[in-house]
Amino acid sequence: MKKKNLIITCIFFIFFFITMFLSLDKNKIYSTRDYVGQQLADVDLEYFNKNSIFNTKKISNYNFTLINFWASWCGPCRKEHKNLMALSENKNLKIIGINFRDKQNNAKEFLKEMGNPFFILTKDTDGKKSVNFGVYGIPETILVNQDLQILKKYIGPLSLKDVREINKIVKK
Amino acid sequence: MLSNLGIIFSSVAFFVSLALIYLSLAELKISNNIISQKIYKISLVQLIFSILSFFVLLLGYIFSDFSMINVFENSHTTKPLFYKISGTWGNHEGSLLLWINILVLFSFLFLFLNKNKNRNFKIYTLIFQNLLITGFLIFLLTNSNPFSPIFPVPNEGMGLNPILQDPALAIHPPLLYVGFVGSSIYFSAALAALVSKVEAKSLATSIKPWVSISWFFQTTGILVGSIWAYYELGWGGYWFWDPVENSSLMPWLLMTALLHSVLVLERKIGLYSWVIVLSILTFTMSVVGTFLVRSGILNSVHTFANDPSRGLFILIFLILMVFSSIFIFFKYAPIEKKNYALFSKEFFILINNWFMVFFLAVVLIGTLYPIFLDTLIGQKISVGPPYYNFILAPFLIPLLFLMTSGPRHSWISSEIKKIFNIILVLSLSLFLIVFFLIKESSLIINLILLFSIYLIVQTFFDFYENFKNKSINLSRIVSHFGFGLLIFFISINHIFSIENNFNAKLGDNKKIEDYNIKFKNLEVLQKKNYKSVIGHFEIINNEKLIKENLKPEIRVYNQPETITYEASIKSGLLSDTYLTMSNISDTDIFNIKFQKKPFMNFIWLSVLLISIGGILNFLKKRIT
């Protein structure tokens, strides 16, 4: 009896801890680290405010571009926003926002509230376009150079450390 | 300067803890009746150094010493002093330091205040508690150091999230931490009891005050958190079944079960292993909750900055903790004979425990299932209030019923039973009246309402009967009375709340049911660290001819730049009027949310009563 209880308890906790460990590691399993160093996909994105298309090839017009995936419903996006605002002051860097599965009004409200760091703002209403960038959750941010090569990928909210790193790569 | 001092103090605390473990182990080998003085002295040194290190961080916040990353990231010179102070524990590193302080304080108090004669039991408790302390100190020093320096020293900090700048929130985390972390002491004591083979009654009496006190703090902490959510988040709700709220509720459910089963353990030899399991689980659940919140697995208003390395550390700690507990438990737990008479008091307490375990399972599944599904299958779902309400609500009915009948079982005379039958009939007819009055509402909520009334009435009889016998179990009466009231007022609130959203311009009038809302004026003010836009509204109740003026506010903070919506709430005795206003971009139209919420103050008061029961229970033990 005692042995049976012991085994059941252990199995339960082992299962629990393994799942927890995997969920901790989930970022790494789905890591889009592989994308780093590769060419940015050729994707047509819809502008946020007008009915026209922005193609990612246009990114080669700028020295460095930061592509940020965000939504008004996403808490961590709110958290990282001040860091995006800080980065938007860097003259050498253009920030392209991709508003992910969001309602237009809420997104507008969000930017009004928090400020608009985006040089170009596009939207991905059903979340399908973002797949091409290897995004599986937001916030996510990709740093691209003029040759459309992916230099860095940040999963989760941008931290101060990330801001420093980006500024270092881009140079003010 | 402060940074170095903090690192030194916390390192000293760490080495003292190690020394304490070593000396306690050595102490076990000496056969003596009393614990030697040096253990007490070192314990005091440990307390002093951990308090000093907390004090250093506090000073860092008060004097805005931005040479510490932690202060830089979470504070700002223009912040009011009160929020500078509360900023100390408003972040992951600082709160961890507070955790350690509570662990140390409880360890110290347990050693000094516990009158238990069993020397080895006390020493083992000290050892287990100090293993926990060392674990957390390693975490603090290696991974989450609040004293980490930053160079060059910035001139200005990044500011504290304005949503956290609220008096209720300043005290909410410390209260919860005392509850959470306080449970560590009976975790350690439970393991120590197994190893040192302490007898049941002695275990019960030595953990009972700690269970009561941590339960009191946990309850109050949850209450203050709800009040904060109600006043500050501006959604008009007070409980959202948010995963983080759940992680504070789960240990609470276990503590409640423990609080009851300790009573059985104290009087009869029974439930020994069960009390130990509950003690172990309560603290384990607290750490699981911490793991979920700090690792970034969950996302909610509460999440601290995400960092998987933190999660990994807590997970490893948790694994060690759980498996050593399992090992100790299965090695030492005695085999018990179970014989509980049907309808005896302990029978009802056991049922109470099964209810708590059931509630726990429901909340646990609701919280973990989405994570498991996402991790194992990759499917994302969200579990919200409908799940909890649907599953938990029906079970409140039998719980309330058992709470009514349980306490009177071992002592009640048949005379009172007759009165009870009358009450049953009365309440059933009352039920019909209520059901008639409230159209369009479900049977379940009405039954809950009825049984809560039943419980409330019963507590009066309980009190009367106690009073007659001159032995008043005030803590039980107050807590059960509070619980009855809580369920009663929540149900009433649920049924009678009014909620309406509309858009309005300055000067507009809007009619909602019996109320007429007039947007009279708009005012813009410049405050110390924010700009404020205040709307002046006049709400007239057409039926009762009551006029109320409400002023919801939109605040634009500069550090960090954030907008918050301050609800304007007129709290009345019988109901609250709740108004929030948000701006719609590029227009002069505002979105207004009007809510009428009956009996809010009574809901707070009921929870307060419940927690007062805990403190009464604690005091009762102290006096006798």
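Author: Helices here are DSSP runs of H or I with at least four residues, strands are runs of E with at least two, and both are numbered from the N terminus. With that rule, the elements of chain A run α-β-β-β-α-β-α-β-β-β-α from the N terminus on, and they come to four helices and seven strands. This is a predicted model, in which local features need pLDDT of at least 70 and side-chain atom pairs count only at pLDDT 80 or more, while totals for chains, interfaces and linings use all residues. Residues are numbered from 1 along each chain as its sequence is written, chains are lettered from A in the order in which they are written, and side-chain values use heavy atoms, with hydrogens and water left out.

Reader: Okay, why is Thr122(A) called buried?

Author: Buried means under 20% relative accessible area, exposed means over 50%, and partly exposed is in between (1.4 Å probe, protein chains only). Thr122(A) has a relative accessible area of 0%, so it counts as buried. This residue sits in strand β5 (residues 120-124) of chain A.

Reader: What is Thr122(A) in contact with, leaving aside its neighbours within four places in sequence?

Author: Contact means heavy atoms within 4.5 Å. Among the partners of Thr122(A) are Leu45(A), Tyr47(A), Phe48(A), Phe54(A) and Ile98(A). As for the whole of chain A, 49% of its 172 residues count as buried. Take the contacts in chain A with a separation of 6 or more: residues 24 or more positions apart account for 72% of them.

Reader: Over to chain B. What makes Leu312(B) partly exposed?

Author: Its relative accessibility is 34%, so Leu312(B) falls in between the 20% and 50% limits. Leu312(B) lies in helix α11 of chain B.

Reader: Which residues make the nonpolar surface patch with Leu312(B)?

Author: Phe21(A), Ile316(B) and Leu320(B) join Leu312(B) in a patch of about 370 Å². The patch rule takes residues with over 30% relative accessible area and no salt bridge, joining nonpolar side chains (Val, Leu, Ile, Met, Phe, Trp, Tyr) within 5 Å and like charges within 9 Å. A salt bridge, by the way, is a side-chain nitrogen of Lys or Arg within 4 Å of a carboxyl oxygen of Asp or Glu. Areas come from the Shrake-Rupley method with a 1.4 Å probe, and for residues only the protein chains shown count as cover. Helix α11 (residues 308-332) of chain B gives the most to this patch, with three residues.

Reader: How do you know that helix α16 of chain B is mostly covered?

Author: Of the 23 residues in α16(B), 17 are buried. The helix spans residues 474-496 and reaches 32 Å from its first C-alpha to its last, close to the 33 Å expected. That expected span is 1.5 Å times one less than the number of residues.

Reader: What about Lys197(B) and Trp241(B): why is one called exposed and the other buried?

Author: Lys197(B) has 60% relative accessibility, so it counts as exposed, whereas Trp241(B) has 15%, so it counts as buried. Lys197(B) is in the loop between α7 (167-196) and α8 (200-233) of chain B, and Trp241(B) is in the loop between α8 and α9 (243-267).

Reader: What is phi near in Lys197(B) and in Trp241(B)?

Author: Phi is near 55° in Lys197(B), a positive value in a residue other than glycine. Trp241(B) also has a phi near 55°. Most residues other than glycine have a negative phi.
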